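Please look through the sequence and the model shown here before reading on. The paragraphs after it are meant to be read with the structure open beside them.

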Amino acid sequence: MTITAFKALHQRHQAEHLARHGTRLAERQEDSFDLTLYAVEGFYAETWRSRSEEHILFIHVFQKPAGLGDYLRLVQLPVGL
């Protein structure tokens with residue numbers, strides 16, 4: 001799936017796609033939010049949740065490596081990548 005097609009999906013479908021096809025790379029906290037970074041088919045997606053909540057408030061999607069700045073020290077690449 002392209003980043004454009006992913007962005008066109010409803011947030012619920014984006015979350016389902018991340019669960020099926022995304023690779024969880026890292027998690028971090030910012031203010032009162034829990035953020036999770038995924039790599040998926042040539043782009044990255046970052047889910048935002050209120051601390052300790054399951055409901056996703058927002059999914060930020062990007063391709064440029066500059067968006068990874070806050071995660072670089074946290075990323076654990078799977079063996080073989």
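What follows goes from the sheet to its hairpins, then to the salt bridges and the largest pocket.

The model is predicted, so local features are reported at a pLDDT of at least 70 and side-chain atom pairs count only at pLDDT 80 or more, while totals for chains, interfaces and linings use all residues. Residues are numbered from 1 along each chain as its sequence is written, and side-chain values use heavy atoms, with hydrogens and water left out.

Four strands form an open sheet in the order 1-2-3-4, and their pairing is antiparallel. Strands here are DSSP runs of E with at least two residues, numbered from the N terminus, and two strands pair if DSSP finds at least two bridges between them. Strand 1 and strand 4 are the edge strands, each pairing on one side only. Neighbouring strands of this sheet are turned by 20° against each other on average, direction ignored; the axes behind this angle are lines fitted to C-alpha atoms, and angles run from 0 to 180 degrees between N-to-C directions.

Beginning at one edge, strand 1 (23–30) and strand 2 (33–40) pair in the antiparallel sense over seven bridges, and Arg-24 stands opposite Tyr-38 in strand 2. Their hairpin has two residues between the strands. Asp-31, in the loop between strand 1 and strand 2, has a positive phi of about 55° although it is not a glycine. Most residues other than glycine have a negative phi. Asp-31 is also exposed, with a relative accessible area of 68%, where exposed stands for over 50%, buried for under 20% and partly exposed for values in between, computed with a 1.4 Å probe on protein chains only.

Strand 2 and strand 3 pair in the antiparallel sense over eight bridges, with Asp-34 standing opposite Arg-49 in strand 3. These two strands also form a hairpin with two residues between them, and Glu-41 in the turn has a positive phi of about 45°. Strand 3 (residues 43–50) is largely enclosed by the rest of the structure, because six of its eight residues are buried.

On its other side, strand 3 is joined by six bridges to strand 4 (residues 56–62), and the two run antiparallel. Among the facing residues, Glu-46 stands opposite His-60 in strand 4, and the bridge partner of Tyr-44 in strand 4 is Phe-62. The hairpin of strand 3 and strand 4 has five residues between the strands. Ser-52 lies in the loop between strand 3 and strand 4; although Ser-52 is not a glycine, its phi is positive, at about 65°, and the residue is exposed, with a relative accessible area of 67%.

Which charged side chains pair with one another? Side chains of opposite charge can pair when their charged atoms come close. A salt bridge is counted where a side-chain nitrogen of Lys or Arg is within 4 Å of a carboxyl oxygen of Asp or Glu, and by this rule the count comes to six salt bridges. One of them joins the side chains of Arg-28 and Glu-30 (2.8 Å, N to O). Arg-28 is buried, with a relative accessible area of 15%, whereas Glu-30 counts as partly exposed at 28% relative accessibility. Glu-46 forms a salt bridge with Arg-28 as well, the closest N and O atoms being 3.5 Å apart. This pair links distant parts of the chain, with Glu-46 in strand 3 and Arg-28 in strand 1, 18 residues apart. Both Glu-46 and Arg-28 are buried, and a network of salt bridges links Arg-28, Glu-30, Glu-46 and Asp-70.

A further salt bridge is formed by Arg-51 with Asp-34, whose closest N and O atoms are 3.2 Å apart. Here too the pair links distant parts of the chain, since Arg-51 is in the loop between strand 3 and strand 4 and Asp-34 is in strand 2, 17 residues apart. Arg-51 is partly exposed, with a relative accessible area of 34%.The largest pocket holds about 150 Å³ of space. A pocket is found on a 1 Å grid over the protein atoms alone, as an open set of points where a 1.4 Å probe fits, with protein on both sides within 12 Å along at least five of seven lines, and its lining residues have an atom within 4 Å of a point; the volume is the space filled by probe spheres set on the points, which are joined across faces, edges and corners. Its lining includes Arg-24, Arg-28, Asp-34 and Arg-49, residues already met above. Strand 1 gives the most to this lining, with four residues, and strand 2 also supplies at least two. By class, the lining has one nonpolar, two polar and seven charged residues, where Asp, Glu, Lys and Arg count as charged, Ala, Val, Leu, Ile, Met, Phe, Trp, Tyr, Cys and Pro as nonpolar, and the others, Gly among them, as polar.
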